[in-house]
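Reader: I would like a close look at one part of this protein, its largest pocket. Please set that pocket in the context of the whole fold, and add some residues worth inspecting.

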Amino acid sequence: MKTSIACVVLGKSPETQNKILIAHRAQKGDMGGRWEFPGGKVDQGESDRDTIVREMLEEFGESVLVGELIATSQFEHKGEACLLRAYEVFFSNDGLEKPFSLTEHTETKWVEFEQIPTDNFVDSDLKILPQVKKYIEKNYEGR
């Protein structure tokens with residue numbers, strides 16, 4: 001079974017507080033032109049954490065810290081079963097003052113959680129939204 005990871009990046013600065021980072025895929029591939037949580041495929045022999053560090057460096061030019069596993073889901077892509085695991089990920093930069101070096105995406109934006117389903121969001125990431133919302137409510141609301 002193929003495994004992919006999704007990075008849930010929650011805003012920490014005054015401009016991004018109570019927001020979540022989403023990325024717009026370039027117009028290529030099956031999900032081109034749609035919004036998603038940043039992430040990627042886990043290569044054979046690679047840990048989830050190694051995948052996250054590699055993908056964020058390749059796709060955003062960012063070194064990151066990987067937090068806890070917050071959601072999992074299974075989905076089918078082109079008739080093949082796939083597993084998606086989402087982790088909280090910490091960027092040292094919010095991409096506002098110093099823009100990300102994007103290679104797979106055309107843009108990023110910080111949005112309120114409730115906005116995510118209104119964007120043209122990839123189906124696999126939509127499946128984990130209830131778990132992500134529960135994690136945010138448990139760990140961040142009221143702070």
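Author: What follows goes from the pocket to the whole chain, and then to single residues.

The model is predicted. Start with the space itself. The largest pocket holds about 590 Å³. Its lining is made up of 28 residues. Closest to the pocket centre are Ser4, Arg25, Met31, Gly40 and Lys41. Several elements give two or more residues each to this lining. Among the strands these are β1 (2–8), β4 (39–41), β5 (64–77) and β6 (80–91). The helices α1 (48–60) and α2 (123–139) do so too. By residue class, the lining divides into 12 charged, 9 nonpolar and 7 polar residues.

Now the fold around the pocket. The protein has 2 helices and 7 strands. Along the sequence they run β-β-β-β-α-β-β-β-α. The radius of gyration is 14 Å, close to the 15 Å that the globule rule gives for 143 residues, so the protein is as compact as a globular protein of that length. Along the principal axes, the C-alpha atoms fill a box of roughly 45 × 30 × 30 Å. Of the 143 residues, 48% count as buried. The exposed surface comes to about 8000 Å². Carbon and sulfur atoms supply 47% of that area. Contacts also reach across the sequence. Take those between residues at least 6 apart: 65% of them join residues at least 24 apart.

Next, two glycines in strands that help line the pocket. Gly39 lies in strand β4, and β4 is one of the elements that give two or more residues to the lining. Gly39 has a relative accessible area of 10%. The cut-off for buried is under 20%, so Gly39 is buried. Beyond its neighbours within four places in sequence, Gly39 is in contact with Ile5, Ala6 and Cys7. It also contacts Glu55, Met56 and Glu59. Residues 5, 6 and 7 fall within the range of β1 (2–8), while 55, 56 and 59 fall within that of α1 (48–60). Arg85 is 46 residues from Gly39 along the chain, yet their C-alpha atoms are separated by 9.7 Å.

Gly67 sits in strand β5, another contributor to the lining. Its relative accessible area is 14%, and it is buried. Setting aside neighbours within four places in sequence, Gly67 touches Arg49, Tyr87, Glu88 and Phe90. The C-alpha atoms of Gly67 and Ala86 are 9.9 Å apart, with these positions 19 residues apart in chain numbering.

Two loop residues complete the tour. Asn18 lies in the loop between β1 and β2 (20–25). Its phi is near 65°, a positive value in a residue other than glycine. At 62% relative accessibility, Asn18 counts as exposed.

Asp94 is in the loop between β6 and β7 (105–111). Unlike exposed Asn18, Asp94 counts as buried, at 18% relative accessibility. Asp94 touches Ser13, Glu15 and Thr16, and also Phe100 and Trp110, when residues up to four places away are not counted. Gly11 stands 83 residues away from Asp94 along the chain. The C-alpha atoms of the two are nonetheless separated by 7.4 Å.

Terms used:
Residues numbered from 1 in each chain as written. Predicted model: local features only at pLDDT ≥ 70, side-chain atom pairs only at ≥ 80, totals over all residues. Heavy atoms only, no water. 1 Å grid on protein atoms, 1.4 Å probe; cavity = no way out; pocket = protein on both sides within 12 Å on 5 of 7 lines; lining within 4 Å. Points joined across faces, edges and corners; volume = space filled by probe spheres on them. Helix = DSSP H or I, 4+ residues; strand = E, 2+ residues; numbered from the N terminus. Nonpolar A, V, L, I, M, F, W, Y, C, P; charged D, E, K, R; others polar. Rg over C-alpha atoms; globule rule 2.2 N^0.38 Å. Buried < 20%, exposed > 50% of the residue type's maximum accessible area, 1.4 Å probe, protein only. Contact = heavy atoms within 4.5 Å. Areas by Shrake-Rupley, 256 points an atom, 1.4 Å probe, with all protein chains shown as cover.
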